[in-house]
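Visitor: I would like to know how the terms used for a model like this are justified. Please take me through them one by one.

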Amino acid sequence: GRWLQEDRDWELNIQGYKSYTKDRQVGRGGGVALLVRDEIQSLTRGDIETDDLEPLCIVLRNCKGKKTLMGVIYRPPNSRLDIGCKLQQELKLACNKGNATVIMGDFNMQVDWEN
């Protein structure tokens, strides 16, 4: 999670990069951030939302016009596991538009890599 104080957002102000953030609305901690180089066209996808997760989705467009959906997600440890199903549905809709998709973050889930 991001966990910066409002008056400390300068920490994400890095020359040559645009910062995108999604702060936790309730409680302490949480939130996510993504830095994108200035020369890469980017915009926020605010339509990919869930109540229990903290998703930040950005569409990147390269110099040839190809789009990539970048998602940064934080799932608090005690949130419902089934909320991932709703996020999956929303991401599926976003991917149906033909964009390449990269999802990263802290999902706070056990993964059985063997099965």
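Guide: A strand here is a DSSP run of at least two E residues, numbered from the N terminus. The model is predicted. By that naming, M109 lies in the segment after β6, which covers 100-106.

Visitor: Why is M109 called partly exposed?

Guide: Buried means under 20% relative accessible area and exposed means over 50%, with partly exposed in between. M109 has 39%, so the term partly exposed applies.

Visitor: What makes M109 eligible for a nonpolar surface patch?

Guide: A patch takes residues with over 30% relative accessible area and no salt bridge, and nonpolar side chains are joined within 5 Å. The value for M109 is 39%, which is over 30%. M109 makes the patch of about 640 Å² together with L81, I103, F107, V111 and W113.

Visitor: How do you know that β4 and β5 pair?

Guide: Two strands pair if DSSP finds at least two bridges between them. Strand β4 (residues 54-61) and strand β5 (residues 67-74) are joined by 8 bridges, so they pair. They run antiparallel, and V59 stands opposite L69 in β5.

Visitor: Why are β3 and β6 called edge strands?

Guide: The open sheet has 4 strands in the order β3-β4-β5-β6, with mixed pairing. Strands β3 (41-44) and β6 each pair on one side only, and they are the edge strands. From one strand to the next, the twist averages 20 degrees.

Visitor: Which elements does the protein chain have, in order?

Guide: From the N terminus on, they run β-β-β-β-β-α-β, which comes to 1 helix and 6 strands.

Conventions. Residues are numbered from 1 along each chain as its sequence is written. This is a predicted model: local features need pLDDT of at least 70, side-chain atom pairs count only at pLDDT 80 or more; totals for chains, interfaces and linings use all residues. Side-chain values use heavy atoms; hydrogens and water are left out. Patches are made of residues with over 30% relative accessible area and no salt bridge: like charges are joined within 9 Å, nonpolar side chains (Val, Leu, Ile, Met, Phe, Trp, Tyr) within 5 Å. Accessible areas come from the Shrake-Rupley method with a 1.4 Å probe; for residues, only the protein chains shown count as cover. A salt bridge is a side-chain nitrogen of Lys or Arg within 4 Å of a carboxyl oxygen of Asp or Glu. Buried means under 20% relative accessible area, exposed over 50%, partly exposed in between (1.4 Å probe, protein chains only). Axes are lines fitted to C-alpha atoms, for helices over the stretch in contact, and angles run from 0 to 180 degrees between N-to-C directions.
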